[in-house]
Amino acid sequence: MTSRYRSPEQLNSLAPRRRTVVKAAAATAGAAVIAVPLAAALPARAAEQAPDFLHGVASGDPLPDGVLLWTRVTPTAEAIPGSGLGPDTEVSWIVARDKALTNIVAKGSATATAASDHTVKADIRGLEPATDYWFRFSAGGTDSPVARTRTAPAANASVSNLRFGVVSCANWEGGYFSSYRHLAARGDLDAWLHLGDYIYEYGTGEYGTRGTVVRQTAPTHEILTLADYRTRHGKYKTDPDLQALHTKAPVIAIWDDHEIANDAWSDGAENHTEGAEGTWAARQAAAKQAYFEWMPVRPAVAGTTYRRLRFGKLADLSLLDLRSFRSQQVKVGNGEVDDPDRTLTGRAQLDWLKAGLKSSDTTWRLVGNSVMISPFAIGSLTADLLKPLAKLMGLPQEGLALNPDQWDGYTDDRRELLAHLRSNAIRNTVFLTGDIHMAWANDVPVDAGTYPLSASAATEFVVTSVTSDNLDDIVKVPEGTVSAIASPVIKAANRHVHWVDTDRHGYGVLDITADRAQMDYYVLSDKTKQDATSSWARSYRTRSGTQKVERTYDPV
């Protein structure tokens, strides 16, 4: 949900080829952007070294009887991500009940090739439900780190509680991924949810970093080709905090736009110029191929991230793909947000979601949702607040009262979904959302205009960004300055919003019992510091049967 920033001279030169919206601050003025080789995506290593696991290991998409394991092997020094180089390499794995890997329950092998960028996935089955396992990969006498994973509870199991880490929006150049480090240190997660923007597509200095590129990404140019996307994924997977979290619990991930290009829709993106940057079809295919190579994600529908996981009788989790099927975002004077012919989800995915919510027999129905579903009226805000908000969301700074990239831009889909929840008396639906670089706790009203007199059909917990700029970063003021002014104004204009923090970075921890679903919000001391500390900020919960959010004064 961001857009590139250019200098005035650059904007003038680019004006004919794309609509450019300034969402965030630029890199340090005058900083030189120096081309670096693809090898910059990797730690230095000797050419004569044996195969190595420089990008860590990971697991994802836990099932009651299995989990998806992932790694990437670097067989030779030149076989860096995106290079297309390197020999076929046999990679084996073992899964055990103990960290010492003595009680082995599964093992196997596969050949890593340049065709899949030397990534390896192993879809392990035959495991016990709700059980911790440890695993390791090996190649050519080299062992990977040992990692923990965990299977989901049996489908009909009574489950007392579940606990998930929740994150989104991690811009490499904006700072360090301390949120991942603090989640990894907990040791109590059943899994962690990444709600989109796991990577960003921009070149160095093209995306807001509070005026400073904290650490340079690779490649340094905007990623367009399969090799580019592979290189960028590889760079991210060298981050020690991200590697640490991947070794502690399975991830459940969906994509948003920046895994492909800003404000992506089915046939294009704001941040894509057809022809000058190749075809959209080719770019989208390259981005998706690299994503599925580099992420421990099991696609339920080929080429998408929408799928459903179940965690006993306590909860199921419907994961959405809100980029592959959507109509183009409304532009001023071009289309209407209420047009029933426009869609965010696509017909098949919306029908799938509605059917799953209706047939669910779990206590809680969680929805992994990459853009905010709650209405957000911003037209009544004063100019000093509207303009930085418009920059953050990529909106025209005058004359538009909503964010057309969110569900607000596709109101017929939202109306149909919320009416379905109400007419079928579907309770305990909780949307878990990222994208907007702010933390929110919302009721999801059937009619925002008359709320709270009208009903709330669901609730929504939105997590802030790991590092991507938010409002205080954009206007470059001390943390909390903007939020102190903006939060009460936003709440006054949006009565279903219980809390919004426009300024801080961090993560959430969602804890679920039969009685309530509670989100604990944690914030970082400074995203630009490798040793940033974490502190609890707020907690909100929805109690079973209420479809409303309330504040609670202690984290779980």
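Two strands pair if DSSP finds at least two bridges between them. With that in hand, here is a predicted model of a protein chain with ten helices and 24 strands. One open sheet in it holds seven strands, with mixed pairing. Buried residues make up 62% of the chain's 556 residues.

**The chain as a whole**

- Consider the contacts in the protein chain with a separation of 6 or more: residues 24 or more positions apart account for 72% of them.
- The protein chain exposes about 18,900 Å². Carbon and sulfur atoms supply 53% of that area.

**The seven-stranded sheet**

- The strand order is β14-β15-β16-β17-β19-β18-β20.
- The edge strands are β14 (307–311) and β20 (497–501), and each of them pairs on one side only.
- From one strand to the next, the twist averages 20 degrees.
- Strands β18 (residues 439–445) and β19 (residues 456–462) run antiparallel, joined by six bridges.
- Within this pair, Val444 has Ala458 of β19 as its bridge partner.

**Helices on the sheet**

- Helix α10 (residues 481–493) packs on the sheet and touches β18 and β20. The direction of α10 makes about 160 degrees with that of β20.
- Helix α6 (residues 347–359) lies across four strands: β14, β15 (315–319), β16 (364–369) and β17 (429–433). Helix α6 runs at about 15 degrees to β14.

**Helix α8**

- Helix α8 covers residues 411–423, which is 13 residues.
- From its first C-alpha to its last, α8 reaches 18 Å, close to the 18 Å expected at 1.5 Å a residue.
- The buried residues of α8 include Thr411, Asp412, Asp413, Arg414 and Glu416. Leu417, Leu418, His420 and Leu421 are buried too.
- The cover over these buried residues includes α6, β17, β18 and β19.
- Just after α8 comes Ala425, which takes a positive phi of about 50 degrees.

**Thr343, a loop residue that touches α8**

- Thr343 lies in the loop between β15 and α6.
- Why does Thr343 count as buried? Its relative accessibility is 17%, and buried means under 20%.
- The side chain of Thr343 makes a polar contact of 2.8 Å with the side chain of Asp413.
- The Thr343 side chain also reaches the backbone nitrogen of Thr345, at 3.3 Å.
- Setting aside residues up to four places away in sequence, Thr343 touches Phe325, Arg326, Ser327, Tyr410 and Asp413.

**Strand β2 and its partners**

- Strand β2 is mostly covered, with seven of its seven residues buried.
- In a regular strand the side chains alternate between the two faces of the sheet.
- In β2, Gly66, Leu68, Trp70 and Arg72 point one way. Val67, Leu69 and Thr71 point the other way.
- Strand β1 (residues 57–63) pairs with β2 in the antiparallel sense, over five bridges. The two form a hairpin with two residues between them.
- Strand β2 also runs antiparallel to β5, and six bridges join these two.
- Which residues stand opposite Leu68? In β1 it is Gly60, and in β5 it is Asp123.

**Helix α5**

- Helix α5 (residues 280–294) has 15 residues. It reaches 21 Å from its first C-alpha to its last, close to the 21 Å expected at 1.5 Å a residue.
- Eleven of the 15 residues of α5 are buried, so the helix is largely enclosed by the rest of the structure.
- Among the buried residues of α5 are Trp280, Arg283, Lys288, Tyr291, Phe292, Glu293 and Trp294.
- What covers them includes β2 (66–72), β5, α3 (226–236), β11 (251–253), β12 (264–265) and β13 (268–269).

**Glu128, between β5 and β6**

- Glu128 lies in the loop between β5 (119–124) and β6 (132–139).
- Glu128 is partly exposed, because its relative accessible area is 39%.
- Glu128 is in contact with Pro64, Arg97, Tyr133 and Thr151, leaving aside its neighbours within four places in sequence.
- Glu128 and Pro153 are 25 residues apart in sequence. In space they are 8.7 Å apart, C-alpha to C-alpha.

Definitions and conventions: Residues numbered from 1 in each chain as written. Predicted model: local features only at pLDDT ≥ 70, side-chain atom pairs only at ≥ 80, totals over all residues. Heavy atoms only, no water. Axes fitted to C-alpha atoms, helices over the stretch in contact; angles between N-to-C directions. Contact = heavy atoms within 4.5 Å. Buried < 20%, exposed > 50% of the residue type's maximum accessible area, 1.4 Å probe, protein only. Areas by Shrake-Rupley, 256 points an atom, 1.4 Å probe, with all protein chains shown as cover. Expected span 1.5 Å × (residues − 1). Polar contact = N/O pair within 3.5 Å; in protein donor to acceptor, adjacent residues only side chain to side chain.
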